[in-house]
Structures are given as structure tokens and as C-alpha cells.
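Morning, everyone. I have one structure to walk through today. Please take a look at it on the screen.

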Amino acid sequence: CYISIAIGSLVWELPGLSLTAAVTKLASASLVNGAAHLAGVFLTVLQLVFGLLLSTNLTNVTHGTACYVEKAPQGLLDGHPSMLAQNVLAVIPAVTFGMLSGASPSQIFPIVVVSVVCNSTASVA
């Protein structure tokens, strides 16, 4: 299953420092500020979970299933999607990763190119 890879790639997005700051503020009797920070941590984790579930369901619709099992039900594309569809779908996470890591637009283009090339070579193999 690819889900373990997806979860592993989201670990660096988890708000560990914000959670620590929220707990510290709650422990120092700053209840309103600590609760507000804790709510922000909860919303960040909720956004990550929603994005992971959305991408898993999108994969289920386009590829039939998120895991490779025997006799998997076919999705809307009835088999493997075309190379163009795979490359278009490879651009979205590459641009998102570039934006999240604070890359400038001139730095995002090489990330997209590498993503498409790696996707093309992996699809051919």
C-alpha cells in the first residue's frame, strides 16, 4: 500500500512545536492562550487527515484501489490511466511540495520536471 509512504511524508508537517507551546502555556496557567494554540494544532492535524483521505479517495476513483491486491475493482479509467494523466497528476504534489517548502517559482519548475521524469521512468519500468 502507498498509504504508509503518504503518512511518512506528512510527518514533517505535524505541528510538534506548536503542540509543545500549547501544553507549556496550559501548564503555566495561561488557559485561553494555551487553548487557542491547542485548537490551532487540532485544526492543522485535521487538515492533514482530510488531505490524506481526499487523496486516498481520489486514488481509489482513478486507479481502482489504493493498495495492490488481486482482483481489485477497476476505477473510472478502467485499468491504468494514460501516461498524460499520470504526468498531470504527478505535477500537483510537486507544486504543492514546492509551495510548502517555501520555494520560489523558479525553484518549483525543476521540482516539477524531476517529478514528471521520475513518474515517466517508473511507469515504463
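**Burial, helices and a surface patch**

Let's begin with burial. The protein chain has 125 residues, and 17% of them are buried. Keep in mind that this is a predicted model.

Now the surface. The accessible surface of the protein chain is about 8,800 Å². Carbon and sulfur atoms account for 74% of that surface.

What is the secondary structure? The protein chain has five helices and zero strands. Read from the N terminus, the order is α-α-α-α-α.

Next, contacts. Take those in the protein chain with a separation of 6 or more. Of these, 47% join residues 24 or more positions apart.

How confident is the predictor? The mean pLDDT of the protein chain is 75. A score of at least 70 is reached by 70% of the residues. Where is confidence lowest, and where is it highest? The low end is α1, with a mean of 68. The high end is α2, at 89. A word of caution here. Where pLDDT is low, predicted coordinates should not be read in detail.

Let's stay with α2. This helix runs over residues 16–27. That makes twelve residues. From the first C-alpha to the last, α2 reaches 16 Å. At 1.5 Å a residue, the expected value is 16 Å, and α2 comes close to it. After α2 comes A29, with a positive phi near 70°.

Now step back to the loop between α1 and α2. Two residues there deserve a look: E13 and L14.

E13 goes up on the screen. Is E13 buried, exposed or partly exposed? Its relative accessible area is 22%. Buried means under 20%, and exposed means over 50%. So E13 is partly exposed. Which residues does E13 touch, beyond its neighbours within four places in sequence? They are T44, L48 and L100. V45 lies 32 residues from E13 along the chain. Yet their C-alpha atoms are separated by 8.7 Å.

On to L14. Its relative accessibility is 47%, so L14 also counts as partly exposed. L14 helps to make a nonpolar surface patch. The other residues in that patch are V11, V45, V49 and L53. The patch covers about 410 Å². Notice that V45 has come up twice. It belongs to the patch with L14, and its C-alpha atom is 8.7 Å from that of E13.

That's my tour. Thanks for listening.

Conventions: Residues are numbered from 1 along each chain as its sequence is written. This is a predicted model: local features need pLDDT of at least 70, side-chain atom pairs count only at pLDDT 80 or more; totals for chains, interfaces and linings use all residues. Side-chain values use heavy atoms; hydrogens and water are left out. Patches are made of residues with over 30% relative accessible area and no salt bridge: like charges are joined within 9 Å, nonpolar side chains (Val, Leu, Ile, Met, Phe, Trp, Tyr) within 5 Å. Accessible areas come from the Shrake-Rupley method with a 1.4 Å probe; for residues, only the protein chains shown count as cover. A salt bridge is a side-chain nitrogen of Lys or Arg within 4 Å of a carboxyl oxygen of Asp or Glu. Helices (H or I, at least four residues) and strands (E, at least two) are DSSP runs, numbered from the N terminus. Buried means under 20% relative accessible area, exposed over 50%, partly exposed in between (1.4 Å probe, protein chains only). The expected span of a helix is 1.5 Å times one less than its number of residues. pLDDT is the predictor's confidence in each residue, from 0 to 100. Contact means heavy atoms within 4.5 Å.
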